[in-house]
Amino acid sequence: QKKQKKQMKQMKQMKQITIFIFFIFSTIISFAQSKDNARIVGEWYNFEKDAIITLFEDNNLTISGKITWMKYPNDENGNPKTDPLNPNEELRERPRMGMVMMNSFSYQGDNVWDNGQLYDPKKGKTYSGKCTLKDENTLDLRGYIGFSFIGRSSTWTRKL
């Protein structure tokens, strides 16, 4: 009986130690992820320099981006541009300004964020995406369907 109680107590202590170690480990990983993400966070001009996309760290410690400036924010009728090519009819009237058009980019190491999604409102298409920080002011984006070698690349520059 005493031996069984002692074993139960030891098991409880091991469980508490395991939970504590897991908590410490996940905190360290979160801090490291956040530190790496800080290098990519900020305002970026797209390749055409007709929009600024603000990259930010979201609640999942991944990188997302939203349109925060457009050179031509209004359509030919003077109305704010919307998302008329979106395959989801319910989203076609949403404003393009403020639209989250990239999400879920996670840091992979070596200045690469991968496993994200890019939405191109000019085409109404969503692509898998990968970002590579070439230097502190140059970001290469790769959008693709299926395999990353079949796709399109674009170079963004940081707004200084």
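Which residues does isoleucine 52 touch, not counting residues up to four places away in sequence? The first legend below gives the list; the model shown throughout is predicted.

**Figure 1. Surroundings of isoleucine 52 in strand β2.** Leaving aside residues up to four places away in sequence, isoleucine 52 touches Glu43, Trp44, Tyr45, Lys66, Ile67, Thr68, Trp69 and Lys159. Isoleucine 52 has a relative accessible area of 4% and is therefore buried. Its C-alpha lies 9.8 Å from that of glycine 42, which is ten residues away in sequence. Two of the residues touched by isoleucine 52, Glu43 and Lys159, form the salt bridge of Figure 4.

**Figure 2. Overview of the protein chain, with one helix and eight strands.** From the N terminus, the order of elements is α-β-β-β-β-β-β-β-β. The chain has 160 residues, of which 31% count as buried. Among contacts with a separation of 6 or more, 39% are between residues 24 or more positions apart. The exposed area of the chain is about 11000 Å², and carbon and sulfur atoms supply 57% of this area. The average pLDDT is 87, with 88% of the residues scoring at least 70. In residues 27–32 the pLDDT is below 50, and this stretch has one contact in the model beyond near neighbours in sequence. Where pLDDT is low, predicted coordinates should not be read in detail.

**Figure 3. The largest nonpolar core, with 21 residues.** The members that touch the most other members are Ile53, Leu55, Met102, Trp113, Cys131, Leu139 and Trp156. Two or more residues come from each of β2, β3, β4 (100–109), β5, β6 and β7 (138–144). Strand β4 gives the most to this core, with four residues. For isoleucine 53, the contacts outside its sequence neighbourhood of four places are Gly42, Glu43, Trp44, Asn46, Gly65, Lys66, Ile67, Met101, Met102 and Trp156. Met102 and Trp156 appear both among these contacts and among the core members named above.

**Figure 4. Salt bridge between lysine 159 and glutamate 43.** The distance between the side chains, N to O, is 3.6 Å. Lysine 159 is in the segment after β8 (151–158) and glutamate 43 is in strand β1 (residues 42–45), so the pair ties together parts 116 residues apart in sequence. Lysine 159 is partly exposed, at 35% relative accessibility. Glutamate 43 is also partly exposed, at 33%. Five salt bridges are found in a search of the whole structure, and two others are described in Figures 5 and 6.

**Figure 5. Salt bridge between aspartate 50 and lysine 122.** The side chains meet at 3.0 Å, N to O. Because aspartate 50 lies in the loop between β1 and β2 and lysine 122 in the loop between β5 and β6, the pair ties together parts that are 72 residues apart in sequence. Lysine 122 has a relative accessibility of 43% and counts as partly exposed.

**Figure 6. Salt bridge between aspartate 83 and arginine 94.** The N to O distance between these side chains is 3.0 Å. Aspartate 83 and arginine 94 both lie in the loop between β3 and β4, so the parts tied together are eleven residues apart in sequence. Is aspartate 83 buried or exposed? Aspartate 83 is buried, with a relative accessible area of 0%, whereas arginine 94 is partly exposed, at 26%.

**Figure 7. Threonine 62 in the loop between β2 (51–57) and β3 (63–70).** The side chain of threonine 62 makes a polar contact of 2.8 Å with the side chain of aspartate 58. Why does threonine 62 count as buried? The relative accessible area of threonine 62 is 11%, and a residue is called buried because this value is under 20%. Beyond four places in sequence, threonine 62 touches Asn37, Phe56, Glu57, Ser104, Phe105 and Ser106.

**Figure 8. Lysine 123 in the loop between β5 (112–120) and β6 (125–135).** Lysine 123 counts as partly exposed, at 44% relative accessibility. With residues up to four places away in sequence left out, lysine 123 touches Leu85 and Arg152. The C-alpha atoms of lysine 123 and leucine 85 are 6.4 Å apart in space, and the two residues are 38 apart in sequence.

Notes. Residues are numbered from 1 along each chain as its sequence is written. This is a predicted model: local features need pLDDT of at least 70, side-chain atom pairs count only at pLDDT 80 or more; totals for chains, interfaces and linings use all residues. Side-chain values use heavy atoms; hydrogens and water are left out. Buried means under 20% relative accessible area, exposed over 50%, partly exposed in between (1.4 Å probe, protein chains only). Contact means heavy atoms within 4.5 Å. Accessible areas come from the Shrake-Rupley method with a 1.4 Å probe; for residues, only the protein chains shown count as cover. pLDDT is the predictor's confidence in each residue, from 0 to 100. A polar contact is a pair of N or O atoms within 3.5 Å; within protein, one must be able to donate a hydrogen and the other to accept it, and residues adjacent in sequence count only if both atoms are side-chain atoms. A nonpolar core is a set of buried Ala, Val, Leu, Ile, Met, Phe, Trp, Tyr and Cys residues joined through side-chain atoms within 4.5 Å.
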